[in-house]
Amino acid sequence: MEIRAPAIVCASRAHGETAAIARVFTREFGMLAGYVAGGRGRRMRPVLIPGNVVEADLRARSASQLPFLKLELVTSRGPWLTEPLPAAAIGWATTLAASVLPEHNTYPALHDALSGLLEAICNAPSARMWALAMAKYEVLTLRELGFGGGEIPPVAEDWDEILALLDGSGRQLSRRLLADRRTNVMGAREVMMQRLARISGG
């Protein structure tokens, strides 16, 4: 198996002394997981930042083998790691995708939504410009995985209304999609919501 495609880094965890296992989300092939040699080293750590856009090269000799994954950085989200609210939002959006999407199942609409959301988080002048998109991304995730999700209005200008919509989508995620998780996936979302609550209208 050989796959080469643009991808969004969604998660990375240490493997052994120097390597990492990364999960990257592609539009054409869905979520992919692979072994990144030297993933914990000085050169690759900045590449494996969640939210980064990379060129992914995945290769495996057999279906039972953990694929080897080579990544080339295209767009870095590193500059936003020092900004508490954008960092929390990027962390939650990518954690959600990495936690719930099965490997090799394609979700092009969800990939496009995540890509657009990350761009908005990094480039919009205020949280008001991306918070509603976050609620839409969460509801789309529920819908794409067969859990319904309801409707989110295309526009919401009132900040309290946007926060209420986020509260609603968060409850649905917790109750329908993440209820049986052993790890506290929603913890990343709680950090984002706490930081959103501190601002007034973005």
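This is a short walk through the structure, strands to begin with and helices after that. Keep in mind that you are looking at a predicted model.

**Stop 1: the strands**

Select strand E1, residues 2-15, together with strand E2, residues 19-26. They pair in the antiparallel sense, with seven bridges between them. For a landmark, click on Arg13 and look across to E2, where Ile21 is its bridge partner. Now follow the chain from E1 into E2: the two form a hairpin, with three residues between them. Pause in the turn at Gly16, where phi is positive, about 70°.

Next, add strand E4, residues 53-59. E4 also pairs with E1, in the antiparallel sense and over seven bridges. Pick Arg4 and you should find Asp57 of E4 standing opposite.

**Stop 2: helix H1**

Move on to helix H1, residues 84-100. With 17 residues, H1 reaches 24 Å from its first C-alpha to its last, close to the 24 Å expected at 1.5 Å a residue. Is this helix enclosed or open? Twelve of its 17 residues are buried, so H1 is largely enclosed by the rest of the structure. Colour the buried ones if you like; among them are Leu85, Trp92, Thr94, Leu96 and Val100.

**Stop 3: H1 against H2**

Keep H1 and bring in helix H2, residues 108-123. The two pack at an angle of about 170°, and their axes are 9 Å apart. An angle over 145° counts as roughly antiparallel, and that makes H1 and H2 a roughly antiparallel pair. Show side chains for Pro86, Ala89, Ile90, Ala93 and Ala97 on the H1 side; they meet Leu114, Leu117, Leu118, Ile121 and Cys122 of H2. By class, that contact has ten nonpolar residues, no polar ones and no charged ones. The H1 residues you just selected are also among the buried ones.

**Stop 4: H4 against H5**

Jump along to helix H4, residues 159-177, and helix H5, residues 186-197. Their axes come within 12 Å and cross at roughly 170°, so these helices too are roughly antiparallel to each other. From H4, select Trp159, Leu163, Leu166, Asp167, Ser169, Gly170, Leu173 and Ser174; from H5, select Met186, Arg189, Met193 and Leu196. Those residues make the contact, and they divide into seven nonpolar, three polar and two charged.

**Stop 5: along H5**

Stay on H5 and check its length. Its twelve residues should span 16 Å at 1.5 Å a residue, and the end C-alpha atoms are indeed 16 Å apart. Buried residues here are Met186, Gly187, Arg189, Met192, Met193 and Leu196. What covers them? The cover includes H1, helix H3 (131-144) and H4.

Zoom in on Arg189, which sits in H5. This arginine is buried, at a relative accessible area of 6%. Leaving aside neighbours within four places in sequence, Arg189 is in contact with Trp92, Glu138, Leu166, Asp167, Ser169, Gly170 and Leu173. Display those and you can see what surrounds the side chain's residue.

**Last stop: Ala197**

Finish on Ala197, also in H5. Buried or exposed? Ala197 is exposed, with a relative accessible area of 55%. Draw a C-alpha to C-alpha distance from here to Leu163: they are 34 residues apart in sequence and 8.0 Å apart in space. Leu163 should look familiar, as one of the H4 residues in the contact with H5.

Notes. Residues numbered from 1 in each chain as written. Predicted model: local features only at pLDDT ≥ 70, side-chain atom pairs only at ≥ 80, totals over all residues. Heavy atoms only, no water. Axes fitted to C-alpha atoms, helices over the stretch in contact; angles between N-to-C directions. Helix = DSSP H or I, 4+ residues; strand = E, 2+ residues; numbered from the N terminus. Parallel < 35°, antiparallel > 145°, perpendicular 65-115°, else oblique. Contact = heavy atoms within 4.5 Å. Nonpolar A, V, L, I, M, F, W, Y, C, P; charged D, E, K, R; others polar. Pairing = 2+ DSSP bridges. Buried < 20%, exposed > 50% of the residue type's maximum accessible area, 1.4 Å probe, protein only. Expected span 1.5 Å × (residues − 1).
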